[in-house]
Protein chains: 2
Amino acid sequence: MARLPVCECESVHQDIVDAVKPQLLGDAEAIDLASVFKLFGDGTRVRILQALRVHELCVCDLACLLGLTKSAISHQLKALRLSNLVKFRREAQNVFYSLADEHVEAILDIGLEHLRE
Amino acid sequence: MARLPVCECESVHQDIVDAVKPQLLGDAEAIDLASVFKLFGDGTRVRILQALRVHELCVCDLACLLGLTKSAISHQLKALRLSNLVKFRREAQNVFYSLADEHVEAILDIGLEHLRE
DNA sequence: GTATTAGTTGAGCAACTGTTCAACTATATA
DNA sequence: TATATAGTTGAACAGTTGCTCAACTAATAC
């Protein structure tokens, strides 16, 4: 993802490029942003998020709903936790997960809108 | 991503699971939704989308802005095209790309909000 | 027609990712 | 204490992905 000093093209629209350049995301921010969206970009994780949108659930509930092992679910929940997409609370032996904030719901909504339009 | 008939856990919260189950995404829709988000989940593609949000750009402009080859950009644009995240118009030798609709902008916005809060 | 530049495409490969498996920690109960 | 269930974690492996390279098509100019 390194930026080359010069461009291979001859007919760049220089005025437009110069105007756009300062509004680009920095490398670090682009990678961080992509990392968040990457978490929505997997069938298992997006089904986990959709399920948590309906109700908080423990790891077992999710494993049962999605037909996966607790291990697989737990691995994915860890990734979702690290990017603050889900939060959790322990109650006795159970750990209940839920969506972290309304951004997560909003992103799911808009994605579905895009699909269904 | 196949669903097992039974769950490995003993203490599933059956009433909650039963309530959530009918609201889950189907397998096909979950995969389609994940496929869309996957496109946002790469540093190069998210920088392309952010750049197109500012102004329509040709492949060369993007290659120049991001410091990548035309081939690399074109490959990514094809993926974005196939999921209707960008549209394009040809003008002489140039092909100008722009964002397909306001959903794309909205998803970028909310993702950035989540990062920056 | 040829030449030039813009853009696309398929193959190949290195890097990454999601699941499984086994071993582990945490909490509760007897 | 020992036992059982819930949950986590690291390694390993198969499957996926993004870039490069080379060859190709598209439009313009001569």
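What follows is a look at how the two protein chains meet DNA strands C and D in this predicted model.

Take DNA strand C to begin with. There are 27 residues around it, and A:Thr44, A:Ser71, A:Gln76, B:Ser71 and B:Tyr97 come nearest. Of the strand C atoms that come within 4 Å of the protein, sugar and phosphate make up 72%. On the phosphate side, a side-chain N or O atom of A:Gln76 sits 2.5 Å from a phosphate oxygen of strand C. The bases get some attention too: B:His75 has a polar side-chain atom 2.8 Å from a base oxygen of strand C, and for A:His75 the distance from a side-chain N or O atom to a base oxygen is 3.4 Å. Two or more residues each come from helix 3 (43–54) and helix 5 (70–82) of chain A, and from helix 4 (59–66), helix 5 (70–82) and strand 3 (94–99) of chain B. Helix 5 of chain B gives the largest share, 6 residues. By class, this surface splits into 7 nonpolar, 12 polar and 8 charged residues.

Now for DNA strand D. Here A:Ser74, A:Tyr97, B:Thr44, B:Ser71 and B:Gln76 come nearest among the 27 residues around the strand. Sugar or phosphate accounts for 73% of the strand D atoms within 4 Å of the protein, with bases supplying the rest. Polar side-chain atoms reach phosphate oxygens of strand D from B:Gln76, at 2.5 Å, and from B:Thr69, at 3.5 Å. A:Ser71 goes for a base instead, with a polar side-chain atom 2.7 Å from a base oxygen. As for the surface near strand D, its largest share, 6 residues, belongs to helix 5 of chain A.

Note on methods
Residues are numbered from 1 along each chain as its sequence is written. Chains are lettered from A and ligands numbered from 1 in the order in which they are written. This is a predicted model: local features need pLDDT of at least 70, side-chain atom pairs count only at pLDDT 80 or more; totals for chains, interfaces and linings use all residues. Side-chain values use heavy atoms; hydrogens and water are left out. A residue is near a molecule or strand if one of its heavy atoms lies within 4 Å of it. A polar contact is a pair of N or O atoms within 3.5 Å; within protein, one must be able to donate a hydrogen and the other to accept it, and residues adjacent in sequence count only if both atoms are side-chain atoms. Helices (H or I, at least four residues) and strands (E, at least two) are DSSP runs, numbered from the N terminus. Ala, Val, Leu, Ile, Met, Phe, Trp, Tyr, Cys and Pro count as nonpolar, Asp, Glu, Lys and Arg as charged, and the others, Gly among them, as polar.
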